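Q: Please take me through this structure by asking how each label is earned. Keep the answers brief.

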Amino acid sequence: MIGEIVDWFTSSANWQGADGVPTRVLQHLGYVLLALVLASVIAVPIGLYVGHTGRGGVLLVGSGNVIRALPTLGLVTFLFLLFTDSDVAAIIGLVVLAIPPILAGTYAGLQAVDRAVVDAAEGMGMRGGQRLWQIEVPIALPLVLGGVRNAVLQLVATAAVAAYVGLGGLGRYLLDGLAILDYGEVAAGAILTALLAIVLDIVLATIQRALVPRGVRLAEAGTKKEVEA
Amino acid sequence: MGIEFRGVTKKYPDGTVAVDDLNLTIEDGTITVFVGPSGCGKTTSLRMINRMVEPTSGTILLDGADVRDSDAALLRRGIGYVIQHAGLFPHRTVLSNVATVPLLSGWDKRKARERAAELLETVGLPAELGKRYPAQLSGGQQQRVGVARALAADSPVLLMDEPFSAVDPVVREGLQDELLRLQSQLGKTIVFVTHDIDEAVRLGDKVAVLRVGGRLAQYGTPADVLRHPVDDFVAGFVGKDRGYRGLSFLSAGDVLVEDVPTVRVGGAPGESADWRLAVNDEGEPRGWLPPSSTVDGELSESDLVAGGSLYQQGTPIRGALDAALSSPASLGVVVDADGKAIGVVTARQVLDVIENHPQGVTR
C-alpha cells in the first residue's frame with residue numbers, strides 16, 4: 001500500500017496535464033475560495049446585522065441548524081439534477097454548506113462583545129455604524145475569523161466529495177481511483193486533500209494573527225500583570 | 001449647567017415602573033448622588049439624562065433645554081459618561097480610548113492625542129500608560145482611564161454610574177479622593193449613582209435617596225439626610241451608625257489640642273511613666289513608646305507600638321474621635337497639613353465638643 005502511494009506520487013505523469021496534481025490542487029482551491037467568498041458575502045452582513053441589533057437571533061440560530069442538518073452530498077446531487085451542470089450544482093452546495101459556520105461565528109462574535117463596552121460606546125455618542133465598525137467588529141474578529149476557518153475546512157473536505165457529480169479538483173483522484181480500484185491513487189487524493197486543508201488553515205491562522213488587534217489578543221490572554229512586571 | 005427632572009416616569013412594557021414621577025433639580029457645579037437599593041431606578045434616572053433610556057413621560061431639562069430636542073449622539077458627546085467596569089475599548093490603547101470623544105467630534109488627530117495625554121496626567125496616571133492596552137491595567141487604573149475619557153470632551157456635565165463599585169475598598173477610597181480633588185479644580189455638574197450610602201455621603205453635595213419602585217424618598221445635603229431622615233425607609237437605609245457618620249459634617253475647630261511628650265526616633269529616649277509619642281526628624285508621628293519602657297541606646301522603630309489613625313487639623317471631627325479611639329495611648333494624634341504632629345486630643349474632649357454643638361449631631 002505504501003509502495004503504491006509512493007509510486008503514484010513519484011510518477012511524473014501524475015504531475016502534468018489536466019489530471020496532474022498542480023491543476024487539480026488549483027481547481028480545488030478555486031472551488032473553495034469561490035464558495036467561501038460567496039458564502040461570506042451572504043453570511044457576514046446578516047451576522048453583523050443580527051449581532052449588532054440583537055434582532056432575529058433566534059431565527060438565525062434556528063435556520064443555521066436547519067442548513068447544517070442538510071446532507072451536503074444529497075443537496076449537491078439534487079442541485080445537479082436540477083441544473084444538470086456539475087460546477088453550478090457543486091458551488092451552490094458548497095456555499096450553502098459554508099454559510100452556517102460563518103454566520104454563527106459573526107453573530108457569536110458580536111454577541112460576545114462586553115455589554116459595558118457597547119454601553120460605553122453608545123454613551124460616548126457613537127452612532128450605530130461607528131459603534132459597529134470601530135468597536136464591535138474589531139473586538140469580534142477572532143470569532144468571525146474562527147467561523148471562516150471552520151467553513152474552509154468543511155469546504156476543502158466537501159469539495160472532494162462533490163467530484164461525485166463530475167466536479168474537478170482533488171476529489172477526482174478519490175472517485176477515479178476507486179472506479180479502477182487503484183488504491184494508491186485514492187490514498188494520494190486523500191492525502192492531498194488533507195494537506196490542502198492543513199496548509200489553508202495555517203495560512204488563515206497567520207492572517208488571523210495579523211488582523212486581530214493586539215489589545216484584543218492581550219485581553220483574551222488575560223495578561224494583566226505580565227507587562228507591568 | 002443645571003439639570004432638571006420634571007415629572008419624569010419610566011415604565012417598561014411589562015408594567016415595571018423604574019422611575020415614578022421624579023421631580024428634582026440638580027444644581028450647576030455640584031456633585032449630586034442618586035443612592036438607593038437595587039431596583040430603585042437610580043441608574044435609569046441617570047441614563048435618561050443622556051438619553052440612553054427614554055422616559056415614558058415627563059421632561060428632563062439640561063441647562064433649560066429639553067434633552068429630547070437634541071440629536072442623541074451629539075447630546076452624548078457633550079456629556080461625560082463613566083460606567084462600572086469602565087467599559088474601555090479593549091482593542092484601543094489607553095490614549096486612543098481617552099481621545100474617543102474628541103475624535104468623534106472631528107478634532108484633528110494630533111490635537112485629540114495631546115488632549116488625551118493631558119487628561120491622563122489630570123487623573124494621576126503616568127504618560128507612558130498611554131501606549132498600553134486596557135487589559136494591561138489594574139482595575140483602579142482602568143477606572144481612572146474611564147474618568148479621563150469622560151473628561152476629554154470638556155463637557156460641563158459628568159454622569160457616573162457606580163464607577164467605583166467594582167474596585168477594592170482601598171483603591172475606591174483613593175479614587176473618591178481623586179474625584180473630589182478633580183471636582184475642586186473643574187467644578188463640573190456631576191451626577192453620581194451608587195448603592196453605597198457611605199460613598200454617597202462622602203462625595204455628594206446633595207444626596208437623593210430613592211426607594212424601590214423609583215420614588216424619590218429624600219433629597220438634601222448628606223448632613224441633612226443623616227440627621228433628619230424623613231421616614232423609616234431613609235433612616236434604615238442610611239444605617240445604624242448614622243449618628244457617628246454625621247460627625248463627618250461637624251468641624252472639630254473647637255477641640256483643644258494638648259501637648260504630648262515626644263521622643264525622637266534615633267535619639268536616646270531616657271525613661272518616663274507616661275506614653276510618649278515617637279516622631280522622626282521631620283516631626284511626623286511614627287508610633288508610641290509605652291510607659292516605663294527601657295530602650296538601650298538609640299530609639300528605633302521596632303521599640304514602638306504602632307499608632308492609631310491620625311487626625312489632620314481642620315478636617316471633620318469624626319477623624320478626631322477615631323484617632324483618639326484607635327490610639328494605644330487613648331490619645332489621638334493631631335497633625336498639621338504637612339503631617340507634622342502638633343499635639344493630641346482625648347475622646348472625652350471630642351465628645352464635649354460634640355455635646356456642646358448647638359445643632360446636635362444625632363438629632
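Q: What makes the sheet of order β6-β7-β8-β3-β9-β10 in chain B an open one, and which strands are its edges?
A: The model is predicted. In it, six strands of chain B line up as β6-β7-β8-β3-β9-β10, with mixed pairing. β6 and β10 (215-220) of chain B each pair on one side only, and these are the edge strands. From one strand to the next the twist averages 15°.

Q: How do you know that β9 and β10 of chain B pair?
A: Two strands pair if DSSP finds at least two bridges between them. β9 (residues 206-211) of chain B and β10(B) have five bridges, in the antiparallel sense. Therefore they count as paired. Within this pairing, B:Ala208 stands opposite B:Tyr219 of β10(B).

Q: Which helix packs on this sheet, and what is its direction relative to β6(B)?
A: Helix α6 (residues 139-151) of chain B packs there, touching β6 and β7 (157-161) of chain B. Its direction makes about 165° with that of β6(B). Angles over 145 degrees count as roughly antiparallel, so α6(B) is roughly antiparallel to β6(B).

Q: What is the order of the four-stranded sheet in chain B, and which strands are its edges?
A: The order is β2-β1-β4-β5 (chain B), an open sheet with antiparallel pairing. β2 (17-26) and β5 (65-66) of chain B are the edge strands, each pairing on one side only.

Q: Why do β4 and β5 of chain B count as a pair?
A: The cut-off is at least two bridges. β4 (residues 57-62) of chain B and β5(B) have two bridges, in the antiparallel sense, so the condition is met. B:Leu62 has B:Ala65 in β5(B) as its bridge partner.

Q: What links β1 and β2 of chain B, and how many bridges join them?
A: They form a hairpin, with five residues between the strands. B:Gly15 in the turn has a positive phi of about 95°. β1 (residues 3-11) of chain B pairs with β2(B) over six bridges, in the antiparallel sense. One of the bridge partners is B:Leu22 in β2(B), set against B:Val8.

Q: Why is α1 of chain A called roughly perpendicular to α9 of chain A?
A: The axes of α1 (residues 2-10) and α9 (residues 183-211) of chain A come within 8 Å and cross at roughly 75°. The range for roughly perpendicular is 65 to 115 degrees, so α1(A) earns the label against α9(A). On the α1(A) side the contact is made by A:Glu4, A:Ile5, A:Asp7, A:Trp8 and A:Phe9. On the α9(A) side it is made by A:Tyr183, A:Gly184, A:Glu185, A:Ala187 and A:Ala188. By class, the contact residues are six nonpolar, one polar and three charged.

Q: What does the UniProt record say of each chain, and what is the helix and strand content there?
A: An unreviewed UniProt entry annotates residues 3-238 of chain B as "domain: ABC transporter". That stretch is 38% helix and 25% strand. For chain A, an unreviewed entry gives "domain: ABC transmembrane type-1" over residues 25-204. There the chain is 86% helix and 0% strand.

Q: How is chain B divided, and how far apart are the domain centres?
A: Domain 1 is 3-238 and domain 2 is 262-356. Their C-alpha centres lie 40 Å apart.

Q: What makes up the side of chain B that touches chain A?
A: The contact takes 23 residues from chain B and 23 residues from chain A. α2 (72-77), β6 (79-83) and α4 (100-104) of chain B each give two or more residues to that side. α2(B) gives the largest share, four residues. The side of chain B has twelve nonpolar, seven polar and four charged residues.

Key:
Residues are numbered from 1 along each chain as its sequence is written. Chains are lettered from A and ligands numbered from 1 in the order in which they are written. This is a predicted model: local features need pLDDT of at least 70, side-chain atom pairs count only at pLDDT 80 or more; totals for chains, interfaces and linings use all residues. Axes are lines fitted to C-alpha atoms, for helices over the stretch in contact, and angles run from 0 to 180 degrees between N-to-C directions. Angles under 35 degrees count as roughly parallel, over 145 as roughly antiparallel, 65 to 115 as roughly perpendicular and the rest as oblique. Two residues are in contact if their C-beta atoms, placed from the backbone, lie within 7 Å. Ala, Val, Leu, Ile, Met, Phe, Trp, Tyr, Cys and Pro count as nonpolar, Asp, Glu, Lys and Arg as charged, and the others, Gly among them, as polar. Domain bounds come from an automatic or database domain assignment. UniProt positions are given in the numbering used here, feature names are shortened, and annotations may be inferred rather than shown by experiment.
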